[in-house]
Amino acid sequence: MDLQHTPTAALQNYSPELRVLLFDYTLQLADTSLILGHRLSEWCGHGPILEQDLAMANIALDLIGETRSLYQYAAELEGKGRTEDDLAYLREAVEYKNPLLVEQPNGDFADTVMRQFIFDGFHFFLLKDLQNSPDPGLAGIAAKSFKEASYHLKWSSEWIIRLGDGTEESKRRIEKALSNLWRYSGELFAMTQTEKQLAQASFIPEYSALQPQWEAHVAKVFAEATLEVPQNVFMQKGGKTGLHTEHLGYLLTELQYLQRAYPGLEW
Amino acid sequence: MTTEENIWQLLEEVSDPEIPVLSILDLGVLRNVRVREDGHVQVTITPTYSGCPAMNTIAADIKLKLLALGFKDVSVNLQLSPAWTTDWLTPDGKVKLEAYGIAPPVEPNGDIHALFGRDTLVRCPLCKSENTKLISQFGSTSCKAHYQCLDCLEPFDYFKCLK
């Protein structure tokens, strides 16, 4: 059954330029939570223990729920008749605007926990601020997802501590994950042209203001986990402008398979 | 009684498919009912969690219920804002939850500040002991965490506090 969101009245007063900016940004947020949600869902049935299998499936569900709200809102902003399904299933890899971090493969449990921890802190502080956006669409979705994101951050922070301050093997693995994934953390805070313009208009926060909050949380958790914050790492970027690692294509092949094989198929 | 008030009352009979002892009124997910002059009924609901898979079923149940009662033109919309909180669970709903074997939400919540703080004191819904242990923040559905009672040893669900 087609359960639609209540239309956002404020859109009538927006200029076409503002709608395009908000569409691009909403789409980028949607792509990010979809790709990470999909990655986490790959763990379903393969988790190290039942409780953590459930935890990752639950976080995936929250992220995909957020994704649906964002794609529906993006479709409304665009106003060209595309639906949430068109946006998720019928775009090519270069059209996806998620940062590189979230498309990285699951690796072992430590890799997944580290990827999640780096993202969760960013997500938490972004949503916290975005709740106050003058745009009611983004503010509403952020207020809803912020509450869920605080549970995610708690989960990944606890696992960083448990693995870092755990056994010799868990420490070795989480340090390896850190050295593999830290290079993707910078892109989260590197603003695109769209983000800069929206921040200038005060629709979204300046990411330079979010970064110190994120760094403080990371430092606190790493200290507890006996992990060192890496210094002077060259930061990879590209995903937010459509330049992805090879992993995204494989992920989309699976995610979009059904709509590509049977166009227009519905449940 | 106006038609709208009447519909609110009738929807007391629509329950959460995953926690069938709770009606959508107990749960606080029913937000608004509007009847237009031409007889169109617009019902607005809000999700507990973004990805809650029960929302489609709840919307379908609302529609079926009202159609069966003779309302011809019914639509159901989803509204995110203001975001649902566990405060909207009615006191009656909390009693029903505990009787059903699910510990109702208690303060404090899963806020980031709780990370290094004390765990929430959750009472076992079966033997009422407060000597319980968090097994996992994530349980059988998005809205529940998984606990175990250290006195009667039974595992149980806890309805997470969301604010």
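Mentor: pLDDT is the predictor's confidence in each residue, from 0 to 100. The structure above is a predicted model.

Trainee: What pLDDT does chain B average?

Mentor: In chain B, 93% of the residues score at least 70. The average pLDDT of the chain is 88.

Trainee: In chain B, where is confidence lowest and where is it highest?

Mentor: S5(B) has the lowest confidence, with a mean of 90. The highest value, 95, belongs to strand S2 (residues 41–45) of chain B. The answer is thus S5(B) for the lowest and S2 of chain B for the highest.

Trainee: Which stretch of chain B has a pLDDT below 50?

Mentor: The stretch in question has 15 contacts in the model beyond near neighbours in sequence. It covers residues 109–114 of chain B.

Trainee: How many residues does each chain bring to the contact between chains A and B?

Mentor: Both chains take part in the contact. Chain B gives 29 residues and chain A gives 30 residues.

Trainee: Which element supplies the largest share of the side of chain B that touches chain A?

Mentor: Helix H3 (54–68), strand S3 (74–78) and strand S5 (132–136) of chain B each supply at least two residues of that side. The largest share is 4 residues, and it comes from H3(B).

Trainee: What residue stands opposite A:His5?

Mentor: Strand S1 (residues 4–5) of chain A pairs with S3(B) in the parallel sense, over 2 bridges. The residue opposite A:His5 lies in S3(B) and is B:Leu78.

Trainee: What ipTM does the model score?

Mentor: Two scores are given for the model. The pTM is 0.90, and the ipTM is 0.80.

Note on methods. Residues are numbered from 1 along each chain as its sequence is written. Chains are lettered from A and ligands numbered from 1 in the order in which they are written. This is a predicted model: local features need pLDDT of at least 70, side-chain atom pairs count only at pLDDT 80 or more; totals for chains, interfaces and linings use all residues. Two residues are in contact if their C-beta atoms, placed from the backbone, lie within 7 Å. Two strands pair if DSSP finds at least two bridges between them.
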